[in-house]
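Visitor: Please take one part of this model and go through it closely. I would like to hear how the helices there pack and what is buried around them.

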Amino acid sequence: QGEFFLERGMWERAADSFHECTPLAASEERRDREKAAAAHWGLARAAAAWNHIEEAVAEAESSLTLYNSLQHHHVETISAWLDRLTQQKTENEVDP
């Protein structure tokens, strides 16, 4: 459901939906941890849309940690996104 809202630019509703799944990270079930990783990934993108870069980075890192532990294929996508976001943040911090 969070993805539905995210795709439509409904950031707050997306974030609310994703927040419901983040506690699943503590589960021993792979499927639950995948849901939690996806939720953190969604929260990262919503935070980036709000220009809350530090929050976006933290959520992306949480997602990446979970996906890494699962040896999931989303690791490359999130790593690349995080690299771009970090680069943009660094460029914005440089004084003109």
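Guide: The crossing of helix 3 and helix 4 is left-handed. This is a predicted model, and the description that follows is computed from it. Helix 3 covers residues 30–49 and helix 4 residues 53–69. Their axes lie 8 Å apart, and the packing angle is about 160°. The two helices are therefore roughly antiparallel, since an angle over 145 degrees counts as such.

On the helix 3 side, the contact is made by Arg 33, Glu 34, Ala 36, Ala 37, Ala 38, His 40, Trp 41, Leu 43, Ala 44, Ala 47 and Ala 48. Helix 4 contributes Glu 55, Ala 56, Glu 59, Ala 60, Ser 62, Ser 63, Leu 66 and Tyr 67. Sorted by class, this contact has 12 nonpolar, three polar and four charged residues.

Helix 3 also packs against helix 2, which is formed by residues 11–19. Here the axes come within 9 Å and cross at roughly 155°. That angle makes helix 2 roughly antiparallel to helix 3. The crossing of helix 2 with helix 3 is left-handed. From helix 2, the residues in contact are Trp 11, Ala 15, Phe 18 and His 19. They meet Ala 38, Ala 39, Gly 42, Leu 43, Ala 46 and Ala 49 of helix 3. By class, the contact between helix 2 and helix 3 has eight nonpolar and two polar residues, with no charged ones. Ala 38 and Leu 43 of helix 3 appear in the contact with helix 2 and also in the contact with helix 4.

Within helix 2, the buried residues are Ala 14, Ala 15, Ser 17 and Phe 18. Viewed down the axis of helix 2, these buried residues fall within an arc of 165°, so they line one face of the helix. Their cover includes helix 1, residues 2–7, as well as helix 3.

On the helix 1 side, Gly 2 is a residue to look at. Gly 2 counts as buried, at 4% relative accessibility. Apart from neighbours within four places in sequence, Gly 2 is in contact with Ala 14, Ser 17 and Phe 18; these three are among the buried residues of helix 2. Between the C-alpha atoms of Gly 2 and Arg 30 there are 20 Å, and the two residues are 28 apart in sequence.

The loop between helix 2 and helix 3 holds Thr 22. Its relative accessible area is 18%, and Thr 22 is therefore buried, the cut-off being under 20%. Not counting residues up to four places away in sequence, Thr 22 touches Ala 36, Ala 39, His 40 and Leu 43. Of these, Ala 36, His 40 and Leu 43 also take part in the contact of helix 3 with helix 4, while Ala 39 and Leu 43 belong to the contact with helix 2.

In helix 4 there is Leu 64, which is buried with a relative accessible area of 13%. Leaving aside neighbours within four places in sequence, Leu 64 is in contact with Val 75, Ile 78, Ser 79 and Leu 82. Leu 64 and Glu 20 are 44 residues apart along the chain, and their C-alpha atoms are separated by 18 Å.

Technical notes. Residues are numbered from 1 along each chain as its sequence is written. This is a predicted model: local features need pLDDT of at least 70, side-chain atom pairs count only at pLDDT 80 or more; totals for chains, interfaces and linings use all residues. Side-chain values use heavy atoms; hydrogens and water are left out. Axes are lines fitted to C-alpha atoms, for helices over the stretch in contact, and angles run from 0 to 180 degrees between N-to-C directions. Angles under 35 degrees count as roughly parallel, over 145 as roughly antiparallel, 65 to 115 as roughly perpendicular and the rest as oblique. A crossing is left-handed if the near helix is turned anticlockwise from the far one by less than a right angle, and right-handed if clockwise. Contact means heavy atoms within 4.5 Å. Ala, Val, Leu, Ile, Met, Phe, Trp, Tyr, Cys and Pro count as nonpolar, Asp, Glu, Lys and Arg as charged, and the others, Gly among them, as polar. Buried means under 20% relative accessible area, exposed over 50%, partly exposed in between (1.4 Å probe, protein chains only). The arc is that of the directions from the helix axis to the C-beta atoms.
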